[in-house]
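Here is a friendly briefing to read alongside the model. Keep the viewer open and follow the bullets topic by topic.

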Amino acid sequence: MELYLITGFLGAGKTTFLREFSRQFPGKRLWLIINEFGKAGVDGALLQQLDAVLSEITNGSIFCACRLDKFEEELARAAAQKPDVILVEASGLADPTSVQTVLGQPAFSAIHYRGSVCLVDTPRLEKVLHTARVCPRQLMVSSLVLLNKTDLATPEQLRQAESEVLARNPAAVVHPTRFGAFQPAWLEDIRPLGGEEEVARPDIRLQKQLLELDPAMTVEQLSHLLRMIAEDTWRIKGVAVLEGRRLLVDCVGPTVKVSDTDVQNQRENRLVLLAGPGMPLRKAVKQAIAWYPTLVKEVLE
C-alpha cells in the first residue's frame with residue numbers, strides 16, 4: 001500500500017488538485033482520507049464522485065493531539081482493506097511534520113509513505129507565510145510544491161513565491177500550475193522529507209465560527225453578507241440552499257465565490273469561518289448579524 005499526503009494552506013486548491021491527482025492511478029483501488037478543520041465538512045461531499053472509498057475527519061487537524069486517534073483509526077481501517085493507494089488530504093491548518101512518526105508505528109508497517117505534495121496559493125503566499133505558522137511547516141515536509149493559481153498571479157508574484165518556497169525548503173521541486181493540474185512525470189518528484197517533529201498541539205490562537213443561514217435569505221443577501229466578513233477571514237466554506245438553488249460557498253481571504261453545485265451536504269445553510277490571530281473576525285461577524293438579525297445566527301458547538 002502506498003500513501004501520499006496532500007497538504008497546503010486554506011484555499012490553495014487541495015480538493016481540486018486531489019480530483020486531478022487521483023487520476024494518476026488508473027486501475028488501482030483508492031482510499032481517500034479527507035480532513036476538514038471545521039465541523040461542517042464540505043470537501044468530502046465534493047469528492048463523492050471519485051471511484052474510491054472515502055472517509056472524512058472533521059473538527060480539527062489529523063496531526064493534532066485532539067484528532068490523532070481518529071486519524072490512526074481511519075488508517076487502520078484502510079490498511080485492513082488493503083487498497084493500492086491511500087490519499088490523505090490534510091486540513092489547511094494542519095502541521096504535518098509528525099507524519100512519518102505517525103506512519104512509523106508497527107501497526108502501519110504495511111503502508112509505504114511515498115511523500116507529500118504541497119499546494120500553494122501563489123498570489124497569497126507571502127501574506128500567508130507571515131500570518132500562519134503551519135504554512136512553512138507544510139512546505140518543510142513536501143518534496144513537491146505546486147505553485148497553484150498562476151492564472152491569478154503576476155510574473156513577480158510567481159518569482160517571489162518560488163523564492164519563498166526554496167528559502168524554506170531547498171530540497172523541494174517546484175512547478176507552477178493552475179486549477180490543480182498535475183503532470184504524470186511529477187510523480188517522480190514525490191519522496192519522503194522531514195518527519196522528526198512531535199505530535200502538534202492545538203493552536204489556541206486560531207479563530208473559528210459557525211454561522212447558520214435562514215432559508216428565507218436571498219442569494220443577493222448571502223453575497224453581501226460574505227463581502228462584509230470575507231476580508232477578515234482566511235476561509236469561508238459551506239453549502240447553502242436559497243431561492244431554490246443549491247450553492248457552494250468557497251471564499252479565500254477577501255475573494256468571495258458563490259457557485260451553483262449539486263453537492264449534497266447534511267449540514268446545509270451552515271458556513272464555517274476560519275481566521276488567524278489578530279484578525280477582527282468576531283467584530284465582523286457581530287456587524288453582519290446586526291445587519292441581518294433574522295437571517296443569520298452564530299451556532300455554538
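**A buried charged pair**

Lysine 149 and aspartate 121 are both buried. This is a predicted model, and in it the two residues form a salt bridge whose closest N and O atoms are 3.5 Å apart. Lysine 149 sits in the loop between strand E6 (144–148) and helix H7 (155–168), while aspartate 121 belongs to strand E5 (residues 112–121), so the pair ties together parts that are 28 residues apart in sequence.

**Other salt bridges**

- A search of the whole structure finds 14 salt bridges.
- Side chains of opposite charge can pair when their charged atoms come close.
- In helix H7, glutamate 164 and arginine 168 are 4 residues apart, about one turn of the helix, and their side chains meet in a salt bridge with an N to O distance of 2.6 Å.
- An α-helix has 3.6 residues a turn, so residues three or four places apart point the same way.
- The two partners differ in burial class: glutamate 164 is buried, with a relative accessible area of 11%, whereas arginine 168 is partly exposed, at 30%.
- Glutamate 268 and arginine 246 also meet in a salt bridge, at 2.7 Å from N to O.
- That pair links distant parts of the chain, 22 residues apart: glutamate 268 is in the loop between strand E11 (258–260) and strand E12 (270–275), and arginine 246 is in strand E10 (residues 245–252).
- Glutamate 268 counts as partly exposed, because its relative accessibility is 33% and the partly exposed class runs between 20% and 50%.
- A network of salt bridges links Lys70, Glu73, Glu74 and Arg77.

**Helix H3**

- Helix H3 (residues 68–81) has 14 residues, which should span 20 Å at 1.5 Å a residue; the end C-alpha atoms are 20 Å apart, in agreement with that value.
- Which residues of H3 are buried? They are Leu68, Phe71, Glu74, Leu75, Ala78 and Ala79.
- These buried residues cover an arc of only 135° around the axis, so they lie on the same side of H3.
- Their packing partners are strand E1 (2–8), strand E2 (30–35), strand E3 (53–57), strand E4 (85–89) and helix H4 (99–103).
- On the face of H3 turned away from its buried side are the exposed residues Asp69 and Ala80.
- Lysine 82, just after H3, takes a positive phi of about 55°.

**Nonpolar cores**

- In soluble globular proteins, nonpolar side chains tend to be buried together.
- The largest nonpolar core here has 49 residues, and those with the most contacts inside it are Phe9, Val145, Met217, Leu222, Leu225 and Ile236.
- Leaving out residues up to four places away in sequence, leucine 222 touches Leu213, Met217, Ala240, Leu242, Leu247, Val249, Val258 and Leu271.
- Another core, of 22 residues, lies apart from the largest one and has Leu3, Ala78, Ala79 and Ala90 among its members.

**Asparagine 169**

- Asparagine 169 lies in the loop between H7 and strand E7 (173–176).
- Is asparagine 169 buried or exposed? Its relative accessibility is 5%, so asparagine 169 counts as buried.
- A polar atom of the asparagine 169 side chain lies 2.8 Å from the backbone oxygen of leucine 139.
- Beyond its neighbours within four places in sequence, asparagine 169 is in contact with Leu139, Met140, Ser142 and Leu193.

Terms used
Residues are numbered from 1 along each chain as its sequence is written. This is a predicted model: local features need pLDDT of at least 70, side-chain atom pairs count only at pLDDT 80 or more; totals for chains, interfaces and linings use all residues. Side-chain values use heavy atoms; hydrogens and water are left out. A salt bridge is a side-chain nitrogen of Lys or Arg within 4 Å of a carboxyl oxygen of Asp or Glu. Helices (H or I, at least four residues) and strands (E, at least two) are DSSP runs, numbered from the N terminus. Buried means under 20% relative accessible area, exposed over 50%, partly exposed in between (1.4 Å probe, protein chains only). A nonpolar core is a set of buried Ala, Val, Leu, Ile, Met, Phe, Trp, Tyr and Cys residues joined through side-chain atoms within 4.5 Å. Contact means heavy atoms within 4.5 Å. A polar contact is a pair of N or O atoms within 3.5 Å; within protein, one must be able to donate a hydrogen and the other to accept it, and residues adjacent in sequence count only if both atoms are side-chain atoms. The expected span of a helix is 1.5 Å times one less than its number of residues. The arc is that of the directions from the helix axis to the C-beta atoms.
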